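Open the model in your viewer, keep the selection tool handy, and follow along stop by stop.

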Amino acid sequence: MFEAQKEKRHALTKEEQGALVDFVYHTRLYQRWSNLITVLLGTGMRIGEALGLTWSDCDFANDVIIISHALLYKDDEEGKYHYRISSPKTPAGMRTVPMLPEVKAALLRQKEKNKELRHLPFIVDGYTGFIFLNNQGKVFTPGSFYAALQNITNAYNREEFIRALKEHRQPCFLPQFSAHILRHPFCTRFCEIESDLKIIQEIMGHKNIRTTMDIYNEATAARKAASFKSLEGKFKLA
C-alpha cells in the first residue's frame, strides 16, 4: 500500500528532492547518508565517482572537485568481492565540477565526522584519504548505498501514508530510485538555467551529447509548458 513505486527513469521533481533531503537530514537513522546525498545531488556525480572521492580531489581554496577515477566493488573469478579503482572509460569522465556552498559544507561536515573514526587508513590500489567511510573505516559500497535508498524511501512513504490519513488527503509518495537517478535532478536543474549543451555535457561527464540533449529537451519542455500555462487569461483569443 505504501511501498515504493517502481523505479522511474527520470529526475526527481523539486518537491520529491526536497522531501528526500528533509527526511534524511531530520531522521537520525539515516543522517549518516545525508552528506553523500547532498554531494550527489549537488554535483551530478556517478555513485562510483562519489565513493572514490579522496580529500586530495577536493580543492576547497578554489571550490572545485576534480573527478579522475571511480571506486568499484566487484567480484573476481573466485566470486570474492574486492574494492578497486577504475579510470574513466572515456576522456569525458575526467572533469572538474564547481563546488556549490551546500556541497562544500557537506564535505566539511564529513571531514569532521571522519575524525571520530579510529581505524587504519583505508587504501585501494594506492589511493587513500577516502571521504565517505562507514563505521569500520571502509568506503561505503554502491550496494550498501542502494539498499539505504530503498530503506529511506520505504520509511518516508510509511510516514507519509500515516500523515495523509490524519490530514485527509492523498499521500505524496517518493518513487523508488537508484543512485544513478540522483544524477538526473542536478542535470535537470542545470539544464533549466544553462543553454550551452557543451558545458552541461562537460560537467556531467556524458560521453555522448545525445544523452545531454535528451535531458535538456525534457527539462525545457517542462519549462515551456509552465510558461504557456502562465499565459492563460492574459489576453483575448476568442
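**The whole chain.** Start in cartoon mode: you will find eight helices and five strands. Trace this predicted model from the N terminus, and the elements appear in the order α-α-α-β-β-β-β-β-α-α-α-α-α. Now switch on a surface. The accessible surface comes to about 13800 Å², and carbon and sulfur atoms account for 56% of that. Of the 238 residues in the chain, 44% are buried. If you compute a contact map, count the pairs at least 6 apart in sequence: 61% of those contacts join residues at least 24 apart.

**Helix H2.** Next, select residues 34-43, which are helix H2. How many of its ten residues are buried? Ten of the ten are, so helix H2 is largely enclosed by the rest of the structure. The buried residues include polar ones to click on, among them Ser-34, Asn-35, Thr-38 and Thr-43, as well as Leu-36, Ile-37, Val-39, Leu-40 and Leu-41. Step just past the end of H2 and you reach Gly-44, whose phi is positive at about 75°.

**Arg-95 and its surroundings.** Gly-44 is also a contact of Arg-95, so select Arg-95 now. Arg-95 lies in strand S5, which covers residues 95-98. Is this arginine buried or exposed? Arg-95 counts as buried because its relative accessible area is 5%, under the 20% cut-off. Show the side chains of Arg-95 and Glu-49 and you can draw a polar contact of 2.8 Å between them. Leaving aside neighbours within four places in sequence, the contacts of Arg-95 also include Met-45, Arg-46, Ile-65, Ile-66 and Ile-67. From further along the chain, add Arg-183, Glu-202, Ile-203, Met-204 and Gly-205 to the selection.

**The largest nonpolar core.** Which residues touch the most other members of the largest nonpolar core? Colour Leu-20, Leu-36, Ile-37, Leu-107, Phe-145 and Leu-182 to see them; the core has 56 residues. Helix H5, residues 142-167, gives the most to this core, with six residues. Zoom in on Leu-20 and show what surrounds it: beyond neighbours within four places in sequence, Leu-20 is in contact with Leu-12, Ile-37, Ile-152, Leu-174, Phe-177 and Leu-182.

**Along H5 and off its end.** Put a distance label on the first and last C-alpha of H5. This helix of 26 residues reaches 37 Å, close to the 38 Å expected at 1.5 Å a residue. Just after H5 comes His-168, with a positive phi of about 55°. Most residues other than glycine have a negative phi. His-168 sits in the loop between H5 and helix H6 (183-193), and it counts as exposed because its relative accessible area is 74%.

Now go to the loop on the other side of H5. Asp-125 is in the loop between helix H4 (101-114) and H5. Asp-125 also has a positive phi, about 50°, although it is not a glycine. At 52% relative accessibility, Asp-125 counts as exposed.

While H4 is in view, pick Pro-101, which is in that helix. Pro-101 is exposed, at 61% relative accessibility. Its C-alpha is separated by 8.4 Å from that of Asp-63, which is 38 residues apart from Pro-101 along the chain.

**Aromatic rings.** For the last stop, show Phe, Tyr and Trp as sticks; the count comes to nine aromatic pairs. One of them joins Phe-23 and Tyr-30: the pair is tilted, with 6.0 Å centre to centre and 35° between the planes. Both Phe-23 and Tyr-30 are buried. Tyr-73 and Tyr-83 make another tilted pair, at 4.7 Å centre to centre and 55° between the planes. This pair links strand S3 (residues 70-75), which holds Tyr-73, to strand S4 (residues 81-86), which holds Tyr-83, with the two positions ten residues apart in numbering.

How do the two tyrosines compare in accessibility? Tyr-73 is partly exposed because its relative accessible area is 34%, whereas Tyr-83 counts as buried at 19%. Finish by widening the selection: ring pairs link Tyr-73, Tyr-81, Tyr-83, Phe-122 and Phe-130 into a cluster.

Notes
Residues numbered from 1 in each chain as written. Predicted model: local features only at pLDDT ≥ 70, side-chain atom pairs only at ≥ 80, totals over all residues. Heavy atoms only, no water. Helix = DSSP H or I, 4+ residues; strand = E, 2+ residues; numbered from the N terminus. Buried < 20%, exposed > 50% of the residue type's maximum accessible area, 1.4 Å probe, protein only. Contact = heavy atoms within 4.5 Å. Areas by Shrake-Rupley, 256 points an atom, 1.4 Å probe, with all protein chains shown as cover. Polar contact = N/O pair within 3.5 Å; in protein donor to acceptor, adjacent residues only side chain to side chain. Core = buried A, V, L, I, M, F, W, Y, C linked by side-chain atoms within 4.5 Å. Expected span 1.5 Å × (residues − 1). Phe/Tyr/Trp six-rings, centres within 6.5 Å; stacked < 30°, edge-to-face > 60°.
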